[in-house]
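Me: Please take a close look at the nonpolar patch on the surface of this model, and then carry on to the parts around it that deserve a description.

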Amino acid sequence: MNALVAKLAHPALVRVAQVAIGVVFVAAALAKIGDAAYVAQQVHNYHLAPVWAENLIATVMPWIELVAGVALVTGPRRRAGAVIVLGFMLFFTVAVGAAWARGLDFHCGCFGKAGAGVIGASKFFENVGLTILATIAVLPPRR
């Protein structure tokens, strides 16, 4: 396992992962920032947050995604941005998996209305892939 981690912690691979997941988060945030009502509806559809918190989540979450994504792409505090993005991806993957397991039928709201994918196997495994990318992004580059 250590050999795999050592290969994944190659500085160039870590940087590519940081930029890639950072760009995804910036794009997702920008798509959501302008339409908090739609995002709040998508948060509601998951049935994971209390109703009183849905608007707050819909308003604040995209800004956190944006700051973390920008940190990953531009460089300052890359590791902090990567930790935040990894936390989001772990939560999003569990949320999509739970919705899929419960048979809920709605669009994820991941990229606002522009790129709303339907909850299911495809979205779940897309999130698993992005979680792996975020995991690589958080690795300290080997020296």
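**The nonpolar surface patch and its surroundings**

Reply: In this predicted model, a nonpolar patch on the surface is formed by Trp52, Leu56, Val60, Ile64 and Ile84, which together have about 520 Å² of accessible area. Helix H4, spanning residues 54–74, gives the most to this patch, with 3 residues. Isoleucine 64, one of the patch members, has its place in helix H4, and because its relative accessibility is 37%, it counts as partly exposed.

H4 also appears in the description of the largest pocket, where the elements that give two or more residues to the lining are helix H2 (11–33), helix H3 (36–46), H4, helix H5 (78–101), strand E1 (110–113) and helix H6 (121–138). The largest pocket holds about 450 Å³ of space and is lined by 26 residues, of which Lys32, Tyr46, Met61, Phe92 and Cys108 lie nearest its centre. H5 gives the most to this lining, with 5 residues, and by class the lining has 19 nonpolar, 3 polar and 4 charged residues.

The loops on either side of H4 each deserve a remark on backbone geometry. Most residues other than glycine have a negative phi. Histidine 47, in the loop between H3 and H4, nevertheless has a positive phi near 55°, and because its relative accessibility is 48%, histidine 47 counts as partly exposed. Arginine 77, found in the loop between H4 and H5, likewise has a positive phi, of about 60°, although it is not a glycine; with 71% relative accessibility, arginine 77 counts as exposed.

Note on methods
Residues numbered from 1 in each chain as written. Predicted model: local features only at pLDDT ≥ 70, side-chain atom pairs only at ≥ 80, totals over all residues. Heavy atoms only, no water. Patch = residues over 30% accessible without salt bridge, like charges linked within 9 Å, V, L, I, M, F, W, Y side chains within 5 Å. Areas by Shrake-Rupley, 256 points an atom, 1.4 Å probe, with all protein chains shown as cover. Salt bridge = Lys/Arg side-chain N within 4 Å of Asp/Glu carboxyl O. Helix = DSSP H or I, 4+ residues; strand = E, 2+ residues; numbered from the N terminus. Buried < 20%, exposed > 50% of the residue type's maximum accessible area, 1.4 Å probe, protein only. 1 Å grid on protein atoms, 1.4 Å probe; cavity = no way out; pocket = protein on both sides within 12 Å on 5 of 7 lines; lining within 4 Å. Points joined across faces, edges and corners; volume = space filled by probe spheres on them. Nonpolar A, V, L, I, M, F, W, Y, C, P; charged D, E, K, R; others polar.
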